[in-house]
2 protein chains.
Amino acid sequence: MARKRSPMNLSFIVTLMFVVCASNMIVGRGEISWSKDAALEAEAVAAIECSGHGRAYLDGIVLKGHQQVCECNECYTGSDCSKFISDCPANSGSGDPYFLEPFWMKHAASSAVLVSGWHRMSYYYSDGSYISELLVEHIKKLHTLVGNAVTEGKYFVFGGGSTQLLNAAVYALSPDVTSHSPAKVVATPPHYPVYRTQTEYFNARNFSYEGSTSSWINKTDSSSTFIEFVTSPNNPDGKLTKGVLKGDNVKQINDRAYYWPHYTAIPSPVDDDLMIFTISKLTGHAGSRFGWAIIKDKAVYEKMLTYLDMNTMGVSREAQLRALKLFDVVLEGDDGKEIFKFAYSTMRHRWTKLKETISKSKRFSLQKLSSQYCTFFQRERELSPAYAWLKCEREEDKNCYEILEAAGINGRAGSVYSADNHYVRLSLIRSKDDFDILINKLKTLVAKQ
Amino acid sequence: MARKRSPMNLSFIVTLMFVVCASNMIVGRGEISWSKDAALEAEAVAAIECSGHGRAYLDGIVLKGHQQVCECNECYTGSDCSKFISDCPANSGSGDPYFLEPFWMKHAASSAVLVSGWHRMSYYYSDGSYISELLVEHIKKLHTLVGNAVTEGKYFVFGGGSTQLLNAAVYALSPDVTSHSPAKVVATPPHYPVYRTQTEYFNARNFSYEGSTSSWINKTDSSSTFIEFVTSPNNPDGKLTKGVLKGDNVKQINDRAYYWPHYTAIPSPVDDDLMIFTISKLTGHAGSRFGWAIIKDKAVYEKMLTYLDMNTMGVSREAQLRALKLFDVVLEGDDGKEIFKFAYSTMRHRWTKLKETISKSKRFSLQKLSSQYCTFFQRERELSPAYAWLKCEREEDKNCYEILEAAGINGRAGSVYSADNHYVRLSLIRSKDDFDILINKLKTLVAKQ
């Protein structure tokens, strides 16, 4: 007869299991205490189902008795963003960098940051500045890793996006107005409109916007300071450019927002006297309002610090903490290459589809950009700019924007970039949904020719 | 004979306990997933022991092989901030609102916020603006609860601290310069220096800083716009003030940074055409760079939106999310009174000690402020301003700043506030350590008379 298992042995085992369980509970519960509610709240919002065509946020609108609403991608609607609006135009205007969102959702654990209620309440960091020393170090590491900018011996200033730093640079490079004539600020079309609109808006006696750079070639008389905006890669057309004007009285502001492997080959690290970058086009966090200037000259650096002090007393400490965490992830993944592989792969795929579609048409053309050797990917590669600079080739198509608008594509007219209206800028860095709708509309338009 | 407890009953109980424990484990472990690392990291930093005279931050400097350093209060040092530097001067200069830090440490659980890697990457909220609708609603609720400002039918603009909004308001209220003379910007001494330094710094053709308000009384000819800064309670002396100039061409910018029960009685809700508040002096989060303007006129509101667009494309989404969480806590505690009771209690205690100390001296005096009825606390109360506006009474003590400096007290000279140097501003809103050192130094100084 088989020996019947004694009730005493079984209950000993169960008791042991209970003791182990209870100990784990105590230890596990001891791990997270005061931060638990915040963590649960964030995870609950992240779990809200928006059918892959939107997402909910902690600070989203909450409908009575419900949870935060799904904020849907363009052309999607419904409480879970699952309903596609069939006749909805493609949003190809703004450079909202949603194409990077999937990367961050994939790296949820490493990219989250918990901000305590007492985090950095002071106006100042411990060195008395508005600038996180640790974040400066991270940025230097990143530029070294990517090999896109020389940072050795240079000074760093943070700003609310590159937006704030552009104007800070104009003020910093302009002479003292009581003893000199205003600096002449110029840019080469097609160019980012903010150089002109912002400079004109602030309307300081120190400087004045003087139009297109080319109209000042050989006219840079030494009685004025010239401030030339140089954007490379350029917005809107993605070209790698250089400054045009020559002379000791010519200062350059190098807008390097797009000088990353996402959009361009990296032939060499740039070493300008004043370069401006933004997290918007690197990690995609446009809403954080975080940019940095890398400056050679100490006097210019100090003047830019003064601007930041006078204007906003520096940049939000939360934005700097978040940037630090995002840079952590960028520097870690796959020897720091992961985000660039992801971004370049996405952009390259989009350009392939775009070229395929446009090549079927004689009515439209895209900017031509030669392939180049990239020191980051260590091979020759095509450029993959953030924007298509589409041209309506027919002479009579004088308003390319309207032609596309009629076809359900909302881009930005060439004149916004101080260029001819035969051109339209189409944003290629928005969400997959936005890009898919754009390609479908373009295919339909091209097929009608 | 008593019935012996059957082993079967006991093992049933233990089995039940195990089942409950295991279920809780499964549920508990299922509660927090991807946010766990961020939560643990934040709690680990918060647990770093800084002896109550400092704190560590997530983005603090990390010494090799160690953890984030303790960032010590003034006059404290050592790896855990436990070492007091005996001959160290009192830091009574900046208005760094550390006095509120203990409140937030006490509310650790409710004030923490976990920011996901993909939180608000876009330039825009879902309504296409840079402004969190939910946060506007919270701010309106708070003003209604405190009864310190009328918000009904008004417009809201957010800025990087009130700092950014002050200049935004100057631009918005200035006329179009091509058809009008520049607006004349004035303020009444003693006043916050930024009104002058910022206005002069930006140096726009649209406006010019024209000194003391009183020199323009009865000279507000209608050919110019006048922009008068009105600060109430005033910085540096805490007085409740009103505008001075009259006329249709006179516009006021009402800096209401200190119009909270922490510092003043609330006789009634203010209803100015343009009022500016900052989170710095409400919750103490000066580093967040978050302020709001409440505006009556739609055209002025739109102009301020334009400034924010041109300057920085709005305010960091992280700062807005954090502000939302902090406002949540403010609105919840004790029917929304808790933080005000805490803050007022701290300020009242500090003023009691300060008055006690200074009353023993004929050489020094403090500003006199009458008690008033407060609709928030529903009783008559003394004012408890953020700053002492200390006067050196002796005619020959022309540089009060130096007299205090020699006694180991670093305040700010009266001339910084466009006032006489018989005055010094002493900050009373810093940490308890800062205040205790100040009181000790004052006691020593007074005793020497």
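Two residues are in contact here when heavy atoms of each lie within 4.5 Å. Keep that cut-off in mind for the stop at R256(A). The model on screen is a predicted one.

**Chain A as a whole**

Select chain A and show it as a cartoon. Twelve helices and 20 strands are assigned in this chain. Its C-alpha atoms fill a box of roughly 110 × 60 × 50 Å along the principal axes. Colour by accessibility next: of the 449 residues in chain A, 58% are buried. The accessible surface of the chain comes to about 18,400 Å², and carbon and sulfur atoms contribute 53% of that. Among contacts in chain A with a separation of 6 or more, 70% join residues 24 or more positions apart.

**The seven-stranded sheet**

Now restrict the view to strands β7 to β13 of chain A. These seven form an open sheet with mixed pairing, and the order across it is β7-β13-β12-β11-β10-β8-β9. Select 155–159 for β7 and 207–212 for β9: these two strands stand at the edges, and because each has a single partner strand, one side of each is left without a neighbour in the sheet. On average, neighbouring strands of the sheet are turned by 25° against each other, direction ignored.

Add helix α6, residues 161–173 of chain A. This helix packs on the sheet and touches β7, β8 (183–187), β9, β10 (226–231), β11 (250–255), β12 and β13. The direction of α6 makes about 165° with that of β12(A).

Zoom in on residues 274–278 and 291–295 of chain A, which are β12 and β13. The two strands pair in the antiparallel sense over five bridges. To find one of the bridges, pick I276(A); its partner in β13(A) is A293(A).

**R256(A)**

Move to the loop between β11 and β12 of chain A, where R256(A) is located. Is R256(A) buried or exposed? Its relative accessibility is 7%, and R256(A) counts as buried because the cut-off for that class is under 20%. Leaving aside residues up to four places away in sequence, R256(A) touches S232(A), V270(A), D272(A), M275(A), I276(A) and F277(A). I276(A) is the residue whose bridge partner is A293(A).

**Both chains**

Finally, bring chain B back into view. A turn of 180° with a shift of 0.2 Å along the axis lays chain B on chain A with an RMSD of 0.8 Å. That is the relation of a two-fold axis. Select the contact residues of chain B, then look for them in chain A: 100% of them recur there, so the same surface serves both copies.

Definitions and conventions:
Residues numbered from 1 in each chain as written. Chains lettered and ligands numbered in written order. Predicted model: local features only at pLDDT ≥ 70, side-chain atom pairs only at ≥ 80, totals over all residues. Heavy atoms only, no water. Pairing = 2+ DSSP bridges. Helix = DSSP H or I, 4+ residues; strand = E, 2+ residues; numbered from the N terminus. Axes fitted to C-alpha atoms, helices over the stretch in contact; angles between N-to-C directions. Least-squares fit on C-alpha atoms with pLDDT ≥ 70 in both. Buried < 20%, exposed > 50% of the residue type's maximum accessible area, 1.4 Å probe, protein only. Areas by Shrake-Rupley, 256 points an atom, 1.4 Å probe, with all protein chains shown as cover.
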